[in-house]
Amino acid sequence: MTTPQLPAPGADAASASAALVERIRAAIDAADGWLSFADYMRLALYSPGLGYYSGGAAKFGAHGDFTTAPELSPLFGACIAETAAAVLAALAAQGQRRDVLEFGAGTGRLAAQLLLGLERLGQLPTRYCIVDLSGELRERQRATIAAAAPHLLDHVVWLDTLPDAFSGFIVGNEVLDAMPCALVHRDAAGQLHERGVVWQSGALGWQDRPLHAGPLHALAAALDLPNGYTTEIQPDMHAYVASVATLLQHGAALWLDYGFAHAEYYHPERHMGTLIGHYRHHTVHDPFFWPGLTDLTCHVDFSAVYREADAAGLALEGYAPQAQYLLDAGLLDKLAGLGADHPAYLAQIAAVQKLTSPAEMGDLFKAIAFSKGLALSALLPGFGGRDDSHKL
């Protein structure tokens, strides 16, 4: 697999990547010469001190590898605040605790935007909890919130583990796509194989092994893939959604990410899967390109998210393209509220275009929400317009 000429990393970054490759090679040796891709991806992203999310490389924004919605515009977080405020208000009426729990908070931009938005709406949570595996990102989050909303920093706590029980609003923006995925291939004879990583000819390479009975085989067999088809399955995502469903006692969970419902995800044209890398705002198709310096993600199967959540006792509140979600949550009103004389007005028009255009993030990104033990008198803000739940 070839990769176009891309900017070379600096000496320190290249050295860190080489050290990670040696760590991965040791893991392959310890696994008798074959490592599942899910385990490779976990090392590439989260290996202590060297993984993409656990090392010190810039990740978000113009100087990183990709730009997330909260980095584009504070209006994004202001819209999510509308959804969160409705949940927290309903919980207050029920006499329940009112916390916010964010997974994978990135630079902390969304946390700051949500806190400020909830303050404006009179629905500040008791605590704003952040779960993030990266110590380096935790410090960036703290600094971001301290700069944008210093008076609200004492509401924020960082958690090392999931709470046993939670009441409030749960949010994850571009969290599901970064969870390690297994690669599954159905060969020309109809046999299922798992694609793994080996060390051969002095480099990382691929090797398929027959997939036998077990949890991954059950998930793969249920997809009924055509012969010659390769796709991703995220066992960690299934476990994560089930965990959220277990800990959520009263409230709602909202996830925003890029992906598709089942029929589109497993379309014949997507027979090579959706696994992709991001390196300095370039798309990379080789997952072995500068390990630790390249982000690895796959698109989200939202039908799988729904099935797992439904089986675990969560009620679906809505599923919609990001553009529809943001518009229903008042995006254009918030843009107009800036006023044409605001110094950031033109930049925010461009950001809104990117967030909502079908050619940009508007259709590829989706919003999906679930609830448990929540008495609502109306649909959650963001889900009062177009609803694609029938596609799940």
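**Figure 1. The salt bridge between Glu82 and Lys334 in the predicted model.** Glu82, with a relative accessibility of 22%, counts as partly exposed, because that value lies between the 20% under which a residue is buried and the 50% over which a residue is exposed. In this predicted model, the side chain of Glu82 meets that of Lys334 in a salt bridge, with N and O 2.7 Å apart. The two partners come from distant parts of the chain, since Glu82 belongs to helix H4 (residues 74-94) and Lys334 to helix H12 (residues 331-338), with their positions 252 residues apart in the numbering. In general terms, side chains of opposite charge can pair when their charged atoms come close.

**Figure 2. The salt bridge between Arg42 and Asp39 within helix H2.** The closest N and O atoms of Arg42 and Asp39 are 2.7 Å apart, and the two residues form a salt bridge. Both residues lie in helix H2 (residues 37-46), where they are three residues apart, or about one turn of the helix. Arg42 is partly exposed at a relative accessible area of 29%, and Asp39 is likewise partly exposed, at 32%.

**Figure 3. The salt bridge between Lys354 and Glu360, followed by a network that involves Asp236.** Lys354 and Glu360 form a salt bridge in which the closest N and O atoms are 2.9 Å apart. Lys354 counts as partly exposed at 30% relative accessibility, and Glu360 also counts as partly exposed, at 38%. Elsewhere in the view, salt bridges with shared partners join Asp39, Arg42 and Asp236 into one network. The count of salt bridges in the model comes to eleven.

**Figure 4. The largest nonpolar core, centred in this view on Leu254.** This core has 49 residues, and those with the most contacts inside it are Ile80, Phe169 and Leu254. Helix H4 gives the most to the core, with eleven residues. When neighbours within four places in sequence are left aside, the residues in contact with Leu254 are Ile80, Phe169, Ile170, Val171, Gly172, Tyr325, Ala367, Ile368, Ala369 and Phe383. Another core, of 36 residues, lies apart from the largest one and includes Ala38, Ala44, Ala220 and Ile233. As a general tendency, nonpolar side chains in soluble globular proteins are buried together.

**Figure 5. Strand E15 and its pairing with strand E16.** Strand E15 (residues 315-321) is mostly covered, with five of its seven residues buried. E15 pairs with strand E16 (residues 365-372) in the antiparallel sense, over six bridges. Within this pairing, Leu316 stands opposite Phe370 of E16.

**Figure 6. The whole protein chain as the setting for the close-up views.** The protein chain has 13 helices and 16 strands. Its radius of gyration is 21 Å, close to the 21 Å that the globule rule gives for 392 residues, so the chain is as compact as a globular protein of that length. Taken along the principal axes, the C-alpha atoms fill a box of roughly 60 × 45 × 40 Å. Of the 392 residues, 55% count as buried, while the chain exposes about 16000 Å², of which carbon and sulfur atoms supply 54%. Among the contacts with a separation of 6 or more, 78% are between residues 24 or more positions apart.

Note on methods:
Residues are numbered from 1 along each chain as its sequence is written. This is a predicted model: local features need pLDDT of at least 70, side-chain atom pairs count only at pLDDT 80 or more; totals for chains, interfaces and linings use all residues. Side-chain values use heavy atoms; hydrogens and water are left out. A salt bridge is a side-chain nitrogen of Lys or Arg within 4 Å of a carboxyl oxygen of Asp or Glu. Helices (H or I, at least four residues) and strands (E, at least two) are DSSP runs, numbered from the N terminus. Buried means under 20% relative accessible area, exposed over 50%, partly exposed in between (1.4 Å probe, protein chains only). A nonpolar core is a set of buried Ala, Val, Leu, Ile, Met, Phe, Trp, Tyr and Cys residues joined through side-chain atoms within 4.5 Å. Contact means heavy atoms within 4.5 Å. The radius of gyration is taken over C-alpha atoms; the globule rule is 2.2 Å times the number of residues to the power 0.38. Accessible areas come from the Shrake-Rupley method with a 1.4 Å probe; for residues, only the protein chains shown count as cover. Two strands pair if DSSP finds at least two bridges between them.
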